[in-house]
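Colleague: I should like to go through this structure with you before I plan my reading of it. Could you begin with the aromatic side chains?

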Amino acid sequence: MTSQDVIRRLDATVDEFARRARFFREPLTEGRARAFVRQHRLNTRQRNSVLKLRVATNCPDWDIRIGIIKACAEEVIADDAHGGGRPHWAILEELGARIGMDLAEIRAAQPLPSTRMCWLAWDGLMSSCHWLEGLIANTCAERVNVPGYGEGEVRAKGWFGMERGRWQALFGLPDEALDFFELHTQADIEHSDLGWNAVAAHAERLAMEDAVIEACRVNLMVWERYLDGIAEAGDREG
């Protein structure tokens with residue numbers, strides 16, 4: 001299997017996820033939006049201050065390691081390239097305030113049981129495996145923000161490009177209030193390209209073609225459960 005074969009199989013795995021995930025296909029509600037703000041703020045901080053850095057620690061390629069750390073810094077410290085110097089979790093807080101959420105409530109939120117379960121799953125998939133498999137765990141969900149996967153609006157605009165339109169329609173938000181989705185559409189192309197290109201360069205050399213495909217498949221299963229947990233919490237809230 002050549003490196004391009006690996007990329008094609010990874011793309012097919014992401015496409016399947018984008019087509020089946022019910023969070024992308026079911027209507028956005030106010031309850032789901034609020035649950036997303038609470039949980040994704042926590043998840044952004046956990047993945048980028050803990051889990052992704054473990055992948056960087058395990059990675060022997062200095063350039064890839066620095067790329068991971070740089071991407072994490074944008075998420076949790078300051079994104080000068082796309083976020084006006086703000087970390088992504090703070091931009092998500094601002095979005096929550098725009099839809100009427102109390103900032104103290106957002107910051108006091110606790111992870112759902114489903115979110116905790118996903119963190120434990122990702123810990124195993126990103127900390128206790130080969131660095132190339134961990135790198136796929138870093139990037140495969142970000143890949144769905146790149147247009148070309150799934151169908152309909154997700155395929156045309158990427159997941160967060162679609163979400164931008166859904167949030168604007170549901171809450172009547174102006175363009176400037178939707179920075180969180182705009183910056184991720186831009187930044188996640190860069191972040192996920194890091195993983196995809198590393199796979200192209202290293203999977204064939206390391207004879208890990210099938211392993212990285214399986215790592216992608218399993219990680220997207222965890223992402224699907226994470227999103228389902230948010231949807232369920234939002235539906236309970238109404």
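Modeller: A search of the whole structure finds 15 aromatic pairs. Rings of Phe, Tyr and Trp (its six-membered ring) pair if their centres lie within 6.5 Å; planes under 30 degrees apart count as stacked, over 60 as edge-to-face and the rest as tilted. This is a predicted model, in which local features need pLDDT of at least 70 and side-chain atom pairs count only at pLDDT 80 or more, while totals for chains, interfaces and linings use all residues. Residues are numbered from 1 along each chain as its sequence is written, and side-chain values use heavy atoms, with hydrogens and water left out.

Colleague: Why is the pair of Phe160 and Phe180 given its class?

Modeller: The planes of Phe160 and Phe180 lie at 50°, with the ring centres 5.5 Å apart, so the pair is tilted. Phe160 belongs to helix H10 (residues 159–171) and Phe180 to helix H11 (residues 179–202); with the two positions 20 residues apart, the pair links distant parts of the chain. Helices (H or I, at least four residues) and strands (E, at least two) are DSSP runs, numbered from the N terminus.

Colleague: Are Phe160 and Phe180 buried or exposed?

Modeller: Phe160 and Phe180 are both buried. Buried means under 20% relative accessible area, exposed over 50%, and partly exposed in between (1.4 Å probe, protein chains only).

Colleague: And what about Trp167 and Phe171?

Modeller: Trp167 and Phe171 also form an aromatic pair, a tilted one, at 5.7 Å centre to centre and 45° between the planes. Both lie in helix H10, 4 residues apart, which is about one turn of the helix. An α-helix has 3.6 residues a turn, so residues three or four places apart point the same way. Trp167 has a relative accessible area of 1% and is buried, whereas Phe171, with 21%, is partly exposed.

Colleague: Which residues form one aromatic cluster?

Modeller: The cluster consists of Phe17, Phe23, Phe24, Phe36, Trp159, Phe160, Trp167, Phe171, Phe180 and Phe181.

Colleague: Turning to charges, which ring does the charged end of Arg45 sit over?

Modeller: The charged end of Arg45 sits over the ring of Trp89, 4.5 Å from its centre. Arg47 has its charged end over the ring of Trp122, 4.6 Å from the centre. A charge sits over a ring if NZ of Lys or CZ of Arg is within 6 Å of the ring centre and within 35 degrees of the ring normal.

Colleague: Trp89 is in H5, I believe. How many residues of that helix are buried?

Modeller: In H5 (residues 88–98), 8 of the 11 residues are buried, and the helix is mostly covered. Those buried are His88, Trp89, Ala90, Ile91, Leu92, Glu93, Leu95 and Gly96. Just after H5, Gly100 adopts a positive phi of about 95°.

Colleague: What of Ala207, which also has a positive phi?

Modeller: Ala207 has a phi of about 55° although it is not a glycine. Its place is the loop between H11 and helix H12 (209–237). Ala207 counts as exposed, at 62% relative accessibility.

Colleague: How many disulfides are there?

Modeller: The search of the whole structure finds 0 disulfides, a disulfide being a pair of cysteine sulfur atoms within 2.5 Å. For Cys118, the nearest cysteine sulfur is that of Cys140, 12 Å away. Cys118 is buried at 1% relative accessibility. Cys140 is in no disulfide either; the nearest cysteine sulfur to it, that of Cys216, is 4.5 Å away. Cys140 is buried, with a relative accessible area of 0%.

Colleague: Where is Ser114 found, and what does it touch?

Modeller: Ser114 is in helix H7 (residues 113–127) and is buried, with a relative accessible area of 9%. Leaving aside residues up to four places away in sequence, Ser114 touches Arg225 and Gly229. Contact means heavy atoms within 4.5 Å.

Colleague: Finally, what is the overall picture of the chain?

Modeller: The secondary structure comes to 12 helices and 0 strands. Of the 238 residues, 53% count as buried. Among contacts between residues at least 6 apart in sequence, 77% join residues at least 24 apart. The C-alpha trace spans about 50 × 35 × 35 Å along its principal axes.
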